[in-house]
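Let's take a friendly walk through one protein model. Have the sequence and the 3D view ready, and follow along as each residue comes up.

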Amino acid sequence: MTDKVQSLESLSKKPEEPKIVVNLRRIKRKIMVMSGKGGVGKSTVAANLAVGLALRGHRVGLLDCDIHGPTIPTIFGLESARPEVNEGGILPVQVLPNLSMMSIGFLLENKDSPIIWRGPAKMGAIKQFLEEVYWGALDFLIIDLPPGTGDEPLSVAQLIPNCDGSVLVTTPQDVALISVRKSITFSEKLDVPIIGLVDNMHGLICPHCDKPIDVFGSGGVEKAAEDFNIPILAKLPIEPKVAEMEDKGTIIQDQLKHGTEWQKNFEKIVDAVQETLKEE
């Protein structure tokens, strides 16, 4: 009987905190980048936001939660990179001294291999990225979510109940705006503060006459912002240079140049997210 009785010492011990709680406590701000539908430039915004904050001296992590279509490794030209493991856990891939990232894309033997997983497997992978990856002390963890309001966004919102904010990316197309309005409601239902909207692909500057061309129309993003009382953080024009830098994996070098109208406008998004550090 005596070997089944707990000792006084074991009874007085405090229960150990879940590893995910301990890991995330060292991160000051967790920011989700979301979109209602695919193809609106969400990963582009997430990647440039992480780089922009890092270039301002902040300690930043970038987590690619798009399990089925991870593009972050390609954007940074790091498709062949592989994370290392030590006693602290999985080490994220280091891009700058103060910028690290993790993606399922770093774990694929073949970049053309599809991820054929159902919901529970995807949630398990996201939990492992938050729990087992040794992020260290960060000012920001930027979380690039897949489009929509399904398994991955819900998993992140449940695993990080105190998420500090979301940035919602859309284009002026009506079909994109219908979807982003759902993302707004999703954030509100899960008590995730909305930092603002990003109006991406907002027109094209004609190379011949320098006049703007509203390729996808206009006015819809303003209407959504007004209906939900949410600020528009920036209006980003269609810029071929941005697509080129992603294809070449030169995002950091090009951010340092600030040579495009897109990048100049993007600084407003970095400003808005940086402001969350000042909030109590």
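Start with strand S6: Leu99, Met101 and Ser103 point one way from it, Ser100 and Met102 point the other way, and all of them are buried. Here, buried means under 20% relative accessible area, exposed means over 50%, and partly exposed lies in between (1.4 Å probe, protein chains only). Helices (H or I, at least four residues) and strands (E, at least two) are DSSP runs, numbered from the N terminus.

Before going on, a word on where this comes from. This is a predicted model, in which local features need pLDDT of at least 70 and side-chain atom pairs count only at pLDDT 80 or more, while totals for chains, interfaces and linings use all residues. Residues are numbered from 1 along each chain as its sequence is written, and side-chain values use heavy atoms, with hydrogens and water left out.

**Strand S6 and its partners**

Because five of the five residues of S6 are buried, this strand is largely enclosed by the rest of the structure. Which strands pair with it? S2 and S6 pair in the parallel sense over five bridges, and strand S5 (residues 93–96) and S6 pair in the antiparallel sense over three bridges. Two strands count as paired if DSSP finds at least two bridges between them. On the S2 side, Leu63 stands opposite Met102 in S6. On the S5 side, Leu96 stands opposite Leu99 in S6. S5 and S6 form a hairpin, with two residues between them.

Ser100 is a good residue to click on within S6. Not counting residues up to four places away in sequence, Ser100 touches Val60, Gly61, Leu62, Pro92, Val93, Gln94, Val95 and Trp135. Contact here means heavy atoms within 4.5 Å.

**A helix that packs against S6**

Helix H5 (residues 119–131) has 13 residues, which at 1.5 Å a residue should span 18 Å; its end C-alpha atoms are 18 Å apart, so the two agree. The expected span is 1.5 Å times one less than the number of residues in the helix. Among the buried residues of H5 are Ala125, Ile126, Phe129 and Leu130. The buried residues of H5 pack against helix H2 (19–25), strand S2 (60–64), strand S6 (99–103), strand S7 (138–144) and helix H6 (151–159).

**The nonpolar core**

The largest nonpolar core has 79 residues, and those with the most contacts inside it are Leu49, Phe76, Leu130 and Ile142. Helix H3 (residues 42–55) gives the most to this core, with eight residues. A nonpolar core is a set of buried Ala, Val, Leu, Ile, Met, Phe, Trp, Tyr and Cys residues joined through side-chain atoms within 4.5 Å. In soluble globular proteins, nonpolar side chains tend to be buried together. Leaving aside neighbours within four places in sequence, the contacts of Ile142 include Leu49, Leu53, Leu62 and Leu63.

**From buried to exposed**

How do single residues compare with the cut-offs? Here are four of them.

| Residue | Relative accessibility | Class |
|---|---|---|
| Ser100 | 5% | buried |
| Leu233 | 12% | buried |
| Met201 | 22% | partly exposed |
| Asn229 | 72% | exposed |

Leu233 lies in strand S12. Met201 is found in the loop between strand S9 (194–200) and strand S10 (204–205), and its phi is near 55°, a positive value in a residue other than glycine. Asn229 is found in the loop between helix H8 (220–228) and strand S12 (232–236); phi of Asn229 is near 55°.
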